[in-house]
Amino acid sequence: MDLTTATQTRPLSLALVVASDRDGRFAPVITDWFRSRLAGRQDFTVTVVDLAEIDLPTSLSYRPSPAVLAELAKVTPVLEAADAFIVITPEYNHSFPASLKNLIDRHYTEWQAKPVGFVSYGGISGGLRAVEQLRQVYAEMHAVTVRETVSFHHAHSQFDENGQHKDPAGADLAAEALLDQLGWWGRALRDAKSAHPYGK
């Protein structure tokens with residue numbers, strides 16, 4: 001197998017960004033469900049970036065303190081190494097969590113020329129208003145957001161007390177479509193960058 005073929009067949013490195021850091025959050029249920037959808041796929045390797053486990057101040061600085069640098073060291077290398085991203089986000093007041101905006105704003109090249117997919121949850125909108133705002137933010141980061149999404153309307157009512165989806169057929173199909181599309185873009189962009197670095 002030559003180097004080009006090996007690169008094309010190598011699984012995509014997927015960073016799964018869990019956006020909520022709120023006490024009592026529902027994010028672990030959604031995250032566990034989505035990770036179970038990834039379990040049978042050979043085209044991705046997965047690393048979870050859980051923002052509840054990263055303590056980043058909201059004030060930005062061009063000269064971060066040693067404490068901030070230590071927190072960034074937990075996440076920046078993962079984002080840099082990723083070929084693609086899935087963001088799992090709730091909707092707070094028609095938008096996405098401040099913890100996610102903080103993470104996005106602290107990075108730039110790590111997002112560039114990579115695909116981003118979304119799994120959202122919330123009340124009547126299922127988090128889709130947060131996703132639409134995130135599409136604008138990620139466009140500024142030179143990322144490519146994929147069309148397909150997974151969205152849970154009134155999310156708490158869709159899962160039982162054990163975190164199992166009560167009627168998973170539709171959500172399973174949506175997850176498969178999202179991952180197929182993310183995989184296509186991930187491979188296409190990775191191949192393109194290997195032939196010609198982005199922005200050069």
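**Figure 1. G122 of β4 stands opposite H153 in β5.** This close-up, like the others, shows a predicted model. Strand β5 covers residues 144-153. Seven bridges join β4 to β5, and the two strands run parallel. Between these strands the chain passes through helix α5, residues 128-140. This β-α-β crossover is right-handed.

**Figure 2. Strand β4 is largely enclosed by the rest of the structure.** How many residues of β4 are buried? Eight of the eight are. Both faces of the strand are covered. On one side sit P115, G117, V119 and Y121. On the other sit V116, F118, S120 and G122. The residue G122 is thus a buried member of β4, and its opposite number in β5 is H153.

**Figure 3. Strand β3 pairs with β4 and with β1.** Six bridges join β3 to β4, which spans residues 115-122. These two strands run parallel. T89 stands opposite S120 in β4. From β3 the chain crosses through α4 to β4, and this β-α-β crossover is right-handed. Five bridges join β3 to strand β1, residues 12-18, and this pair also runs parallel. Which residues does V87 face in the two neighbouring strands? In β1 it is V17 that stands opposite V87. In β4 the bridge partner of V87 is F118.

**Figure 4. Strand β3 is mostly covered.** Seven of its seven residues are buried. A84, I86, I88 and P90 point one way from the strand. F85, V87 and T89 point the other way. V87 and T89, seen in the previous view with their partners F118 and S120, belong to this second group.

**Figure 5. Helix α3 bends by about 40° at A73.** A proline, P77, follows within four residues of the bend. The helix runs from residue 66 to 81 and has 16 residues. From first C-alpha to last, α3 reaches 22 Å. That is close to the 22 Å expected at 1.5 Å a residue.

**Figure 6. Helix α3 has a set of buried residues and a partly exposed lysine.** Which residues of α3 are buried? They are V68, E71, L72, V75 and L79. Their cover includes β2 (44-50), β3 (84-90) and α4 (98-105). K74 lies in the same helix, α3. Is K74 buried or partly exposed? Its relative accessible area is 47%, so K74 counts as partly exposed. The C-alpha atoms of K74 and E53 are separated by 9.3 Å. Along the chain these two residues are 21 residues apart.

**Figure 7. R37 and D172 meet in a salt bridge.** Their side chains come to 3.2 Å, N to O. R37 lies in helix α2 (residues 27-38) and D172 in helix α7, so the pair ties together parts that are 135 residues apart in sequence. Both partners are partly exposed: R37 has 28% relative accessibility, and D172 has 26%. The structure holds eleven salt bridges.

**Figure 8. R41 forms a salt bridge with D180.** The closest N and O atoms are 2.8 Å apart. This pair links distant parts of the chain, 139 residues apart. R41 sits in the loop between α2 and β2, while D180 sits in helix α7. D180 is partly exposed, with a relative accessible area of 39%.

**Figure 9. Helix α7 has 27 residues.** The helix covers residues 169-195. From its first C-alpha to its last, α7 reaches 39 Å, close to the 39 Å expected at 1.5 Å a residue. Which residues of α7 are buried? Among them are A171, A175, L178, L179 and L182. G183, G186, L189 and R190 are buried too. R190 is also linked with R10 and D83 in a network of salt bridges.

**Figure 10. E132 and R135 meet in a salt bridge within helix α5.** The side chains meet at 3.4 Å, N to O. The two residues are three apart in α5, so about one helical turn separates them. An α-helix has 3.6 residues a turn, so residues three or four places apart point the same way. E132 is partly exposed, at 45% relative accessibility. R135 is buried, with a relative accessible area of 17%.

Definitions and conventions: Residues numbered from 1 in each chain as written. Predicted model: local features only at pLDDT ≥ 70, side-chain atom pairs only at ≥ 80, totals over all residues. Heavy atoms only, no water. Expected span 1.5 Å × (residues − 1). Bend = angle between axes of the 7 residues up to and from the residue. Buried < 20%, exposed > 50% of the residue type's maximum accessible area, 1.4 Å probe, protein only. Contact = heavy atoms within 4.5 Å. Pairing = 2+ DSSP bridges. Right-handed = clockwise from strand over helix to strand, strands pointing away. Salt bridge = Lys/Arg side-chain N within 4 Å of Asp/Glu carboxyl O.
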